[in-house]
Structures are given as structure tokens and as C-alpha cells.
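Here is a friendly walk through a few helices and some odd spots in the backbone. Keep the structure open and follow along.

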Amino acid sequence: MQLNKFLDVKPEVAEAIAAGKPVVALESTIISHGMPYPQNVQTALEVERIIRENGAVPATIAIIGGRLKAGLTAEEIEYFGKKGTAIAKASRRDLAVLCARGEDGATTVTTTMIIAHMAGIKVFATGGIGGVHRGAETTMDISADLEELASTPVMVVCAGAKSILDLGLTLEYLETHGVPVIGYGTKELPAFYTRKSGFSVDYEIDTPEELAKAFKTQHELGLRGGMLVTNPIPEEYSMDPDVINKAIDEAIEEAKAAGIHGKATTPFLLAKVKDLTGGNSLASNIQLVYNNARLAAKTAAAYCAL
Ligand code: PSU
Ligand code: MN
């Protein structure tokens, strides 16, 4: 464990890490910026329960009063869910000032990876990652999540990326930076709400044991960086691609018209897509996070057994 004066590891999480037991990290931006209250809190607590049920200890990650928290209490999860977007969305560039000032921050994939690594956690489950936005060739809007995957050794289990992003450019960026993109039980990159995107992943892997072995081998080879595991949404919860793509196109047009940019872009698009699809997308979003939590817990357990 890399000790850090700003890090607080929840006792249950610290004990599991010290004993070589499986732990799964979870992000807090999905709670405060990704879903409405109270579904955000219910989902976050259910995700923790699912992780325990599958043999691992959950560690929801956030910044509270300038402290980097690896593992939250139910009260702290409630606090994040209730405050919602009033809590700053914290990426890598926000960490120093938030900690110096003693403020709160909701951790994105980037900062969750950073804090998980500080605490010694290897596997992280979420819904979707940030990536290269459509039109990035002029806006240069590329999520810091991709840089973090390139440099920080944490496995991120997600349901692919939403087509609010340019999925082709996102894959190109990951390739350039040496991030393996794995499809769990699929050769095709899933697109979050749907199981298909038309793009191929680098490798299909079909078991948690093989995922764990590939990731451990990456460390043993001395290669830096993470691994992206893309786990398709279960068929019964996947959405009609036409419905979702129409909503995404409309959301992108609205964002452009309203001059939305920077860190506000992703939350704006996510909220618009949810409004335009009448809440169906929220139900799918919740189910895919549960599905990723199950796979991450099994993979963390398999890693510990290697
Ligand atoms: N994509 C989703 N749901 C999310 C996010 C992205 O489908 O909740 C959140 C994650 O926390 C991710 C962040 O790390 O948005 C990326 O933001 P940006 O594009 O500003 O880097
Ligand atoms: Mn951005």
C-alpha cells in the first residue's frame, strides 16, 4: 500500500487488503452526477451488497472535507446522493486544490483509479467511462479517464462507452496509449445501453479467472497502466439502438446550442438522454452497473486466488 497523508481507508477495506482478500472500488460521480436522488443512493447501496454477495469487500471512493476516502459508510453515500451536483465533480486536475482547501469531491473514473491505487485496490466497477467526444478533432474534448487508464494499474469493469462519445476515436486513443480493451464474452465493444457498437475489442475473455490472469500478467511484465473490461448489458435490459441513438443525437445538438463545454458536457448529455428516453435508460443504467459489480467482485476474488 502506498501511504498517503490525505488517504483514509475504511477499516473493513484496510483489513481485507492486508489479508489479501478481494476488494472492489466504486466511483462517486455516478452517485452525485450520474443518477437522480434517491435512486442514486439505493443503487450505490445495492451495488455494495452485490459485491459482498459475490465474495468481495466494496470500497466506494470519494473526497470528503479534503480527505481521500477509500470506502464510505452508508451515511456518507446518502450525503453524496442527496447533495448531488452541488458536490464538485473531481478529476485529476481538481484533486490538489480540493484537498488543500478541505472540500468535497465526487470521484470520476480517473480519480477513483488514483485513490484505489493508493489504497492497494486492483479492481474497479462502474457504468461507463469517459472518452473521446464527438467533434474532438476541433474541441479537443478527451476525457482524462483515458490517460488514467494508460498510467494507473487498476482494472476498470464497465459496460463500454455511450455513443455520446466517438467510440472509434476512443478505441484509437486507447490503442495509442497501450490500454488493452477486453470484451467479456464478446468480440464487439458494447455501447452501454446496447450490447453492440459495430466496433471490435482487442480480445474476448470469457471467465473472471482468465481476466485476473491477464491483468496479473500485465503487472508481472512490468507494463504500466490499467485494463479496460467491457461487459455487455444483459440482453433483457438492453435498449432499442434506434431509440437511444436518436436521444443521443438530440442531446448533442442541445448541448451545442446551449454552449455546454468542459466538465459539464458529460453530465449534461447523460441527463438529457435520460429525460428524452423517459427514465427507461435509468433502469437499464442501474442494471448494467449491477452486472459489472458482479463481474468485478468475481474477478477480484480470482485475482486474490492466483
Ligand atoms: N459516462 C457514463 N456515466 C458516468 C460518467 C461517464 O456513462 O457517470 C462519469 C464518470 O464518472 C466518468 C466521467 O469518469 O463521467 C467522465 O467525465 P468527463 O467526460 O468530463 O471526463
Ligand atoms: Mn471533457
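E209, K213 and E220 are the exposed residues on one side of α10. Before going on, bear in mind that this is a predicted model. Now turn to the other face: P208, L211, A212, F215 and Q218 in α10 are buried. They sit on the same side of the helix because they span an arc of only 120 degrees around its axis. There is a general reason for such patterns: an α-helix has 3.6 residues a turn, so residues three or four places apart point the same way.

The helix itself covers residues 208-220, which makes 13 residues. From its first C-alpha to its last, α10 reaches 18 Å, close to the 18 Å expected at 1.5 Å a residue. What covers the buried residues of α10? The cover includes the strands β8 (155-158), β9 (181-184), β10 (203-205) and β11 (227-230), along with helix α13 (280-305). Just after α10 comes G222, with a positive phi of about 80 degrees.

**How the helices pack**

Three helix pairs are worth a look, and here they are together.

| Helix pair | Angle | Axes | Crossing |
|---|---|---|---|
| α10 and α13 | about 60 degrees | 8 Å apart | right-handed |
| α11 and α12 | roughly 130 degrees | within 9 Å | right-handed |
| α3 and α13 | about 25 degrees | 9 Å apart | right-handed |

Take α10 and α13 to begin with. At an angle of about 60 degrees, these two helices are oblique to each other. On the α10 side, the meeting residues are P208, E209, L211, A212, F215, K216 and H219, and on the α13 side they are L295, K298, T299, A302 and Y303. Some names are familiar: P208, L211, A212 and F215 are among the buried residues of α10. E209, though, was listed as exposed, and E209 still takes part in the contact with α13.

Helix α13 also packs against α3 (39-53), with an angle of about 25 degrees between them. That makes α3 and α13 roughly parallel to each other, since angles under 35 degrees count that way. From α3, the contact uses Q39, T43, E46, V47, I50 and I51, while α13 brings L282, I286, V289, Y290, A293, R294 and A297.

The remaining pair is α11 (241-257) and α12, which spans residues 265-276. Their axes cross at roughly 130 degrees, and α11 and α12 are therefore oblique to each other. Which residues of α11 and α12 meet? In α11 they are I244, A247, I248, E250, A251, I252, E254 and A255, and their partners in α12 are F268, L269, K272, V273 and L276.

**Another helix with two faces**

Helix α4 (residues 74-83) has I77, F80 and G81 buried. These three cover an arc of only 95 degrees around the axis, so they lie on the same side of α4. On the other side, E75 and K82 are exposed. The buried residues of α4 pack against α2 (29-32), α3 (39-53), β3 (57-64) and β6 (106-107). Just after α4 you'll find G84, whose positive phi is about 50 degrees.

**Odd spots in the loops**

Where does a cis peptide bond turn up? Look at the step from Y37 to P38, with omega near 5 degrees. P38 lies in the loop between α2 and α3.

Two residues other than glycine have a positive phi worth checking. M140 has a phi near 60 degrees and belongs to the loop between α7 (136-139) and α8 (144-151). F192 has a phi near 70 degrees and belongs to the loop between β9 and β10. Is M140 buried or exposed? M140 counts as exposed, because its relative accessibility is 69% and the cut-off for exposed is over 50%. F192 is buried, with a relative accessible area of 1%.

Finally, stop at E236, in the loop between β11 and α11. With a relative accessible area of 61%, E236 is exposed. E236 and G225 are 11 residues apart along the chain, and their C-alpha atoms are separated by 33 Å.

Notes. Residues are numbered from 1 along each chain as its sequence is written. Chains are lettered from A and ligands numbered from 1 in the order in which they are written. This is a predicted model: local features need pLDDT of at least 70, side-chain atom pairs count only at pLDDT 80 or more; totals for chains, interfaces and linings use all residues. Side-chain values use heavy atoms; hydrogens and water are left out. Helices (H or I, at least four residues) and strands (E, at least two) are DSSP runs, numbered from the N terminus. The expected span of a helix is 1.5 Å times one less than its number of residues. Buried means under 20% relative accessible area, exposed over 50%, partly exposed in between (1.4 Å probe, protein chains only). The arc is that of the directions from the helix axis to the C-beta atoms. Contact means heavy atoms within 4.5 Å. Axes are lines fitted to C-alpha atoms, for helices over the stretch in contact, and angles run from 0 to 180 degrees between N-to-C directions. Angles under 35 degrees count as roughly parallel, over 145 as roughly antiparallel, 65 to 115 as roughly perpendicular and the rest as oblique. A crossing is left-handed if the near helix is turned anticlockwise from the far one by less than a right angle, and right-handed if clockwise.
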